[in-house]
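Hi,

Here is the structure I said I would pass on. Have a look at it first, and my notes come right after.

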Amino acid sequence: MIIDTVCRFCSSCCPIEAFVEDNRLIGARRKSFLDPDRRLTCAKLAAAPEIVYSPERLTVPLIKNVDGSGFREAGWDEALDLVADRFQRHRRESGPQSVAWLRGMAADWGAPWDYPNRLMNAFGSPNTIGNGSICFVARDFAHSYTYGSMAYPEAKNASCIIVWGKNDGDTALGAAEGIQWAKEHGATLIVIDPVGTALARMADIWLQIRPGHDGLLAMAMINEIIEANLYDFEFVDQYTVGFDELKKVASRYPADKVAEDLWLSSGQIRQVARLYATTKPAAIIDGNGLDMHREVFDTTRAVAMLRALTGNLDKPGGDVLPQPIPARNIQLRERLDNAIPPVTRQYPLFNTFSETWGNQTQGCVVDAILQETPYPLKMVVVQSGNPLVTMADSNRTRAAFAKLETLVVIDMFMTETARLADVILPAASCFEKTQLNRASIRNNPIILQNAVIPTVGDSWPDWKIVFELGRRLGFTAEFPWQTAEEAIDYQLEPAGVTVEELRRNGKTGLRIEELRYEKYRDIPFRTPSGKVEFFSKRLAEAGLPGVPFENGWGDDPISFAGQSGEYPVLGISGSRDIRFTNSQFRTIPALLKEGAVCLIDIHPDDAVRLGFAEGELVRIETPKGSVEMTVRFFTMLRTGTVRLAWGWGEHDPRANLNSLTEDDKRSRVTGTSTSRSFMCRLCKITN
Ligand SMILES: Nc1nc2c(c(=O)[nH]1)N[C@H]1C(S)=C(S)[C@@H](COP(=O)(O)OP(=O)(O)OC[C@H]3O[C@@H](n4cnc5c(=O)[nH]c(N)nc54)[C@H](O)[C@@H]3O)O[C@H]1N2
Ligand SMILES: Nc1nc2c(c(=O)[nH]1)N[C@H]1C(S)=C(S)[C@@H](COP(=O)(O)OP(=O)(O)OC[C@H]3O[C@@H](n4cnc5c(=O)[nH]c(N)nc54)[C@H](O)[C@@H]3O)O[C@H]1N2
Ligand code: SF4
Ligand SMILES: [Mo]
């Protein structure tokens, strides 16, 4: 049997066909506009049966032994009663705000993000917190403050594509297929990346930019486009505010002045700016290479402005604005007592820019536990995340989680974080549960993530865990639903769509509104002025730059830049291997076959200078800690920079990249840590 669903093994949310026999998953295939033999294949999806039926799966609830010596198996009733009891106890002793719910990226940010928000808001705690300050939510905030919502590039139909800090060939296969298609049909491809990725190598122009400095490049491109009169006069005149202010600020960042800081030539900057402004339509694919930096907000705001300046916004083959479906907001935020601030209180604009994202600065959880400000957190529920490996400054994160009175983890596998838990609740995989996918809540068409097999062991879908816990906390009216379908039908009622209809339209998804471009011609942008905001009055009123970088560029945004004498090498967190997602899947033998070591990519010239051989295990140190990784020679890197493979900390704690990163200096606007790039030193390991 073939069943349509969505893969959630990574955030790409590929629509797929699942092959099921006798209620068992036997394989799966990505859907795509390309013929099956031309589609990119995903190693994780190919290993889906091995992942789903892995002997490492958690299949029963686990409760920590009283003496802390490990876990014992428990039934769901006992485990959930214990969790509910802890919720009540901490509320009694320290107030509802002493309990937080921390979400990773895995279980999706669509409806499943709404459920814990609903639970926590009903309970009275404002602390439902995602990890979006280092993923793409800070970028979403920048898009939203510029033109009302996050645009998505329609690269397949573009004549010019800028891939800016994104590596779709390894991280988002549907997008990579679109780029490849456009290139085959004559599009010009520009890649801005400090690393020579496969995409960079196939590009017409590769700007090997200095890490963390993309904001300067965007401002220089804006300046060049304005100076050369290559912007879209009609669009700028009719649909934007603040052009004069932008022009003035950008004029302080001419290509000649910033080129050296960017490790580029002014000619390269001019060429890319002109090519982008004069080749229509053009799309910019911005990615996580821009996200995990302190300047993420102004950087991605400046990039967003390039789209509007050149009139590529909401055009076919440009960057299209979504058509969100009218779903019910079920989060119950109105139940919260506004007198109790969330622990993310220093980031009020980020907390509220969207109706549903809520709090996304996860570092504040660690602060509140360790510093007990604005009040102590006593209990955290971690759902679909592995913060001990994935949050900046792992040693500090570990100290915080160890200090908690109660830690509950909801996960499919045992993790570094789960090992510290008091209670572990086993979650069902994406193939075992029906839910609304993030991409489809934010946009048409709606594609259902469908349960295609029964749950494995006694694992439960996340929705069921949250609903049952809610009922145990007394919220029977808030969680009346016995099935995922009932809850989704309720949420989609304003759209007039049911799960049954979604299933009937499984092949293509259900479009409830025709795809439309240039919507701004009759619907104002969702900004206070109703226009694209090159200057933002709300930011200026909040004491932040109204135009990106209007107060100058500031300090070097790379972590430990001030200590570069002792730490002379620039480390870049990256490569994301197609076989894995963040810290996940490194217990799956089929995925480890092609190598189970964490690699550091070093330019051979640097390796010779440092006396490293290929395959040698070396130590990498920063003021925060050290890791050990195996040397691979890689010429597509500037000397003096190295690239460290991401996500191996679960496989081997000695390879935990976030032992090197810091969370001391954050973005003022989004609280984003610099998890991406840092100064470090490399040492021989001598026994
Ligand atoms: N296989 C796999 N797929 C994944 C994931 C995974 O871990 N593995 N994770 C998922 C998640 S959570 C996310 S957020 C996405 C992320 O996916 P992407 O957005 O593609 O992000 P990355 O691959 O982390 O980085 C993209 C590129 O940015 C470059 N880069 C690094 N620093 C800079 C910089 O300062 N400036 C510029 N211009 N570029 C820079 C890197 O060299 C890299 O080539 O992928 C998702 N998909
Ligand atoms: N230095 C550095 N730090 C980074 C990054 C980096 O590139 N470099 N990337 C950052 C980014 S973009 C992100 S998004 C974060 C990711 O941070 P996390 O979300 O913490 O990372 P994952 O390793 O994906 O953890 C997901 C966990 O959820 C579990 N899981 C999978 N599916 C389900 C499910 O359906 N239900 C439940 N309950 N659990 C499930 C998995 O087993 C896994 O343990 O890391 C960030 N940290
Ligand atoms: S890229 Fe692979 S793992 Fe990610 S959603 Fe698509 S098929 Fe699944
Ligand atoms: Mo992410």
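Below is what I found, starting with the domains and then going through the two ligands.

First, please keep in mind that this is a predicted model.

**The domains**

The chain is split into three pieces: domain 1 (62–129 + 347–495), domain 2 (137–320) and domain 3 (561–684). Domain 1 is written as two stretches, 62–129 and 347–495, so don't be surprised by the plus sign in its bounds.

I looked at how domain 2 and domain 3 meet. Their centres, taken over C-alpha atoms, are 27 Å apart. On the domain 2 side 22 residues take part in the contact, and on the domain 3 side 21 residues do. Interface size is often quoted as the accessible area that is lost when the parts come together. For domain 2 and domain 3 the buried area is about 2000 Å², with 66% of it on carbon and sulfur atoms. If you want residues to click on in domain 2, try Trp-263, Met-292 and Arg-294: they lose the most area to domain 3, and together they make up 33% of what that side buries.

What about charges and polar groups across this interface? The count of salt bridges between domain 2 and domain 3 is zero, but five residue pairs are in polar contact there (both residues at pLDDT 80 or more).

**Ligand 1**

Which domains supply the shell around ligand 1? Domain 2 (137–320) and domain 3 (561–684) each give at least three residues. There are 32 residues around ligand 1, and Asp-193, Asp-214, Arg-576, Phe-580 and Asn-582 come nearest. By type, the shell has twelve nonpolar, twelve polar and eight charged residues.

Several backbone atoms pair up with ligand 1. A polar backbone atom of Asp-170 is 2.8 Å from one of the ligand's nitrogen atoms. On the oxygen side, a backbone N or O atom of Asn-288 is 2.8 Å from an oxygen atom of ligand 1, and a polar backbone atom of Asn-582 is 2.7 Å from an oxygen atom of ligand 1. On its own ligand 1 exposes 910 Å², and the protein buries 96% of that.

**Ligand 2**

For ligand 2, the shell takes at least three residues from each of domain 1 (62–129 + 347–495) and domain 3 (561–684). Here 30 residues surround the ligand, with Asn-386, Thr-390, Asp-411, Lys-433 and Ser-583 coming nearest. They divide into twelve nonpolar, 14 polar and four charged.

Nitrogen atoms of ligand 2 turn up in these pairs. Thr-390 has a polar backbone atom 2.7 Å from a nitrogen atom of the ligand, and Ile-410 has a backbone N or O atom at 3.0 Å from a ligand nitrogen. With Asn-658 it is a polar side-chain atom that lies 2.9 Å from a nitrogen atom of ligand 2. The protein covers 97% of the 920 Å² of accessible area that ligand 2 has on its own.

That's it from me. Happy browsing!

Methods. Residues numbered from 1 in each chain as written. Chains lettered and ligands numbered in written order. Predicted model: local features only at pLDDT ≥ 70, side-chain atom pairs only at ≥ 80, totals over all residues. Heavy atoms only, no water. Near = heavy atom within 4 Å. Polar contact = N/O pair within 3.5 Å; in protein donor to acceptor, adjacent residues only side chain to side chain. Areas by Shrake-Rupley, 256 points an atom, 1.4 Å probe, with all protein chains shown as cover. Nonpolar A, V, L, I, M, F, W, Y, C, P; charged D, E, K, R; others polar. Contact = heavy atoms within 4.5 Å. Buried area = accessible area lost by both parts, 1.4 Å probe. Salt bridge = Lys/Arg side-chain N within 4 Å of Asp/Glu carboxyl O.
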